[in-house]
Amino acid sequence: MCVGVPAKVIDINGLSALVDVMGSQMNVGILFVPEVQIGDYVVVHAGQAMSIVDEQCAKASLEEWRKLVDARIADSSNEQNG
Amino acid sequence: MQELLTPQMNKTVSQLLLKEVVRLSKQFQHKFNRLPAFMEVCGSHTMALARTGVKKALQNDIRLISGPGCPVCVTDQSIIDAMISLTDGENRIICTFGDMMRVPGSGGTLMQAKTEGNDIRIVYSPVDAVRVAEQHPEKEVIFLGIGFETTIPILAAAIKEAEEKRILNFSMWMSTKLVEPILRYLLDYDDLALDGFLLPGHVSMVMGRKHFEFLAEEYRLPAVISGFEAVDLLSSLRQLLLLALAERPLVMNNYQNVVTEDGNTHAKHWMNHYFSLCDEAWRGIGSIPNSGMDIRKEYEQWDAKKKFSVLAKRPRKTKCRCGEIIRGLIEPPECALFAKACTPLHPVGPCMVSSEGSCAAYFQYMREE
Amino acid sequence: MERITLAHGDGGELAHQLVQQLFVAHFHHDAFVKFDAALLSIEKGKLAITTDSFVVKPLFFPGGNIGKLAVAGTVNDLAVSGAIPKAITCGFILEEGFPISDLKRIVRSMAEEAQKIGVAIVAGDTKVVERGAADGIYINTTGIGIVEEPLVPSFQEGDSVIISGSVGDHGITIFAARGELGLMTNLTSDCAALSPMISQATKASKQIRIMRDPTRGGLATALVEICEDFQLTIELSEDAIPIKREVEGACDLLGFDPLYLANEGKVIFIVAKEDEQKVLQAIGSREEGKEAAVIGTVRATEKGQLLLRTPLGTTRRLYRLTGLLLPRIC
């Protein structure tokens with residue numbers, strides 16, 4: 001029920017942070033993610049950062065998808081060969 | 001970071017996942033002799049499923065039922081009417097999220113009230129409304145606070161800001177809703193044959209995965225927490241099908257980069273600090289005990305309900321069936337008004353006007369003619 | 001600071017000075033001001049006339065201002081109708097107290113834009129209203145052009161749909177410039193007069209069926225109108241539509257759909273498939289057309305529907321913008 005996009009934290013000033021989404025920027029509150037660091041990605045909703053994105057997890061799911069694609073490509077070349 | 005997934009790979013992955021989901025659905029149909037039925041409990045999922053084409057691609061394979069996930073839509077008409085009638089007072093600025101502007105009240109919309117000269121402003125964040133109050137000390141600024149668990153902490157952040165800066169001309173008229181009580185209501189009282197839930201990624205980001213374990217433990221249903229892109233939705237549906245096929249009631253987190261086991265403890269702390277549980281009236285259902293949150297007595301100086309009174313009239317009756325739609329009992333085209341008397345330009349009910357409403361999603365993305 | 005007063009609009013000495021020192025000085029057409037109307041000689045062809053009013057807020061934004069917009073907007077309406085723009089007139093409604101320095105900047109950029117494309121600003125009018133009765137300045141421009149070879153909208157299945165560049169730049173630039181939603185971006189408006197680019201395209205291909213500039217309501221609304229006007233079914237490919245990263249980011253943050261955001265320097269071409277590359281090359285040779293892309297195909301010459309093919313392979317129908325674009329929040 002909300003817009004939530006991963007935004008990169010590029011500056012922190014007290015309980016406020018400047019975030020960037022593909023070149024568009026905005027100031028958001030970080031009351032709920034006080035531990036956030038510059039360079040982290042956060043999910044923003046209605047002007048507040050609501051969660052710090054776990055990059056390891058994000059990369060892991062990408063890796064899984066990549067494997068899926070590779071397996072598929074291997075499959076289809078097998079089919080062709082067979 | 002989303003750029004890690006190139007558009008080409010995105011396309012390949014989503015098409016592969018789609019095939020996999022269709023294959024699993026066939027297995028399900030073979031095993032149980034019916035289509036699998038899943039409910040999405042999030043307005044953004046409803047929109048994303050329609051916009052990305054996932055819902056259409058799966059229309060013969062999965063019954064995707066839209067649940068009570070759009071905050072405007074689930075709000076009882078009497079509350080909408082009360083909020084709109086707040087504009088009548090002198091010397092007031094009403095601040096709101098954009099979604100509220102065109103919601104039909106029994107006596108008009110906020111947009112019409114604005115056209116008539118009332119000062120009504122759309123803000124991006126409730127904290128912005130506190131700034132409006134700061135800039136206009138001579139006026140009463142009222143924020144219309146609706147939303148689920150994702151938004152409730154943000155409403156708390158606004159009250160915190162007002163408290164710290166001692167801004168007393170700011171107040172909030174709250175009507176917030178919680179996901180757990182409405183899911184329990186639907187499962188306890190409605191005749192819904194469900195095989196599982198697609199759980200709201202953003203509510204889960206605040207509340208955590210464990211919050212939803214009651215679905216598996218008490219209702220023996222699988223549920224998967226999902227993100228919002230086509231790949232997220234499809235891979236979550238795939239997991240749901242795997243669980244349903246294996247008849248394994250588990251609550252899985254398929255949005256791990258954002259959602260943790262316990263959620264955001266800071267957000268939960270602040271929402272409980274300023275707000276406590278209250279009974280809330282849901283559209284087409286009535287009052288459900290402890291299904292929302294409202295401002296605690298200690299902070300009632302920011303509670304618009306304590307500061308202002310509105311005339312409560314009995315809401316105008318229409319043939320709108322939003323009440324059944326939000327419960328997943330009917331699909332939008334089953335309503336006689338859909339796409340005829342009720343369109344996004346002339347909405348009769350909130351499901352047609354909210355950008356997350358089932359009817360708006362269906363009207364915009366699913367109609368062929 | 002020098003400001004506009006009610007006397008600047010009363011037709012007396014101050015009004016005369018404003019016309020002479022500002023408008024005539026910048027628009028360089030004192031030959032026209034001897035009469036109450038501009039007299040133009042017409043060559044062969046059909047006359048094209050269009051009019052538009054400009055009320056943009058803020059008046060100045062990255063990439064342009066209300067004056068540039070007022071020239072470019074009207075010129076573009078002529079050019080996409082297949083006309084060569086010749087002359088425009090302009091009417092100013094000024095609010096009492098409006099800074100004259102701002103008016104100068106606006107007039108200067110109108111003159112620049114008109115000169116760049118060889119269009120004469122041949123007549124004008126100024127009215128001043130009391131403070132509070134208008135928001136600074138409003139401009140109306142009327143454009144006249146000559147059509148030598150009218151476009152023939154005879155569509156065929158398989159015709160290509162081309163957009164001359166990325167969509168939504170103007171819409172997001174204006175949102176950011178208004179500062180209301182706290183959005184910051186380095187984007188600039190695409191606001192530009194496109195007649196030179198369009199004439200390159202019409203020279204390169206004689207099989208352009210129609211051109212439109214997708215302004216308010218965005219790409220989707222403009223294409224829905226084409227589909228309805230000519231009973232076409234057009235299918236767009238979602239991933240072929242050029243969108244700048246910043247526009248995508250801003251849309252993600254605010255919940256907007258880039259297909260419905262305003263553009264002020266883009267053209268939609270529908271052209272025979274065989275001429276698709278010719279048109280792409282012709283417009284691609286100019287700065288404002290460098291990001292041009294083929295985004296769709298005419299699927300049928302009946303029904304009147306705009307369809308979008310998602311990366312998933314499904315299609316969904318697009319409708320015109322309903323209501324206002326509001327940030328999607330809760």
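A crossing of two helices is left-handed if the near helix is turned anticlockwise from the far one by less than a right angle. In the predicted model, the crossing of H8(B) and H13(B) is left-handed. Helix H8 of chain B spans residues 152-164 and helix H13 of chain B residues 265-274; the two pack with their axes 8 Å apart, at an angle of about 60°. That angle makes H8(B) oblique to H13(B). On the H8(B) side, the contact is made by Ile152(B), Pro153(B), Ala156(B), Ala157(B), Ile159(B) and Lys160(B). H13(B) contributes Ala267(B), Trp270(B), Met271(B), His273(B) and Tyr274(B). By class, 9 nonpolar, 1 polar and 1 charged residues form this contact of H8(B) with H13(B).

Chain B also takes part in contacts between chains. The contact with chain A takes 27 residues from chain A and 38 residues from chain B. On the side of chain A, strand E4 (41-45), strand E5 (48-52) and helix H1 (55-81) each supply at least two residues. H1(A) gives the largest share of that side, 9 residues. The side of chain A that touches chain B comprises 17 nonpolar, 7 polar and 3 charged residues.

In the contact between chains B and C, 30 residues come from chain B and 19 residues from chain C. The elements of chain B that give two or more residues to the side touching chain C are helix H1 (7-32), helix H3 (54-57), strand E5 (140-147) and helix H17 (358-366). The largest share of this side, 6 residues, is that of H1(B). Its composition by class is 14 nonpolar, 10 polar and 6 charged residues for the side of chain B that touches chain C.

Methods:
Residues are numbered from 1 along each chain as its sequence is written. Chains are lettered from A and ligands numbered from 1 in the order in which they are written. This is a predicted model: local features need pLDDT of at least 70, side-chain atom pairs count only at pLDDT 80 or more; totals for chains, interfaces and linings use all residues. Axes are lines fitted to C-alpha atoms, for helices over the stretch in contact, and angles run from 0 to 180 degrees between N-to-C directions. Helices (H or I, at least four residues) and strands (E, at least two) are DSSP runs, numbered from the N terminus. Angles under 35 degrees count as roughly parallel, over 145 as roughly antiparallel, 65 to 115 as roughly perpendicular and the rest as oblique. Two residues are in contact if their C-beta atoms, placed from the backbone, lie within 7 Å. Ala, Val, Leu, Ile, Met, Phe, Trp, Tyr, Cys and Pro count as nonpolar, Asp, Glu, Lys and Arg as charged, and the others, Gly among them, as polar.
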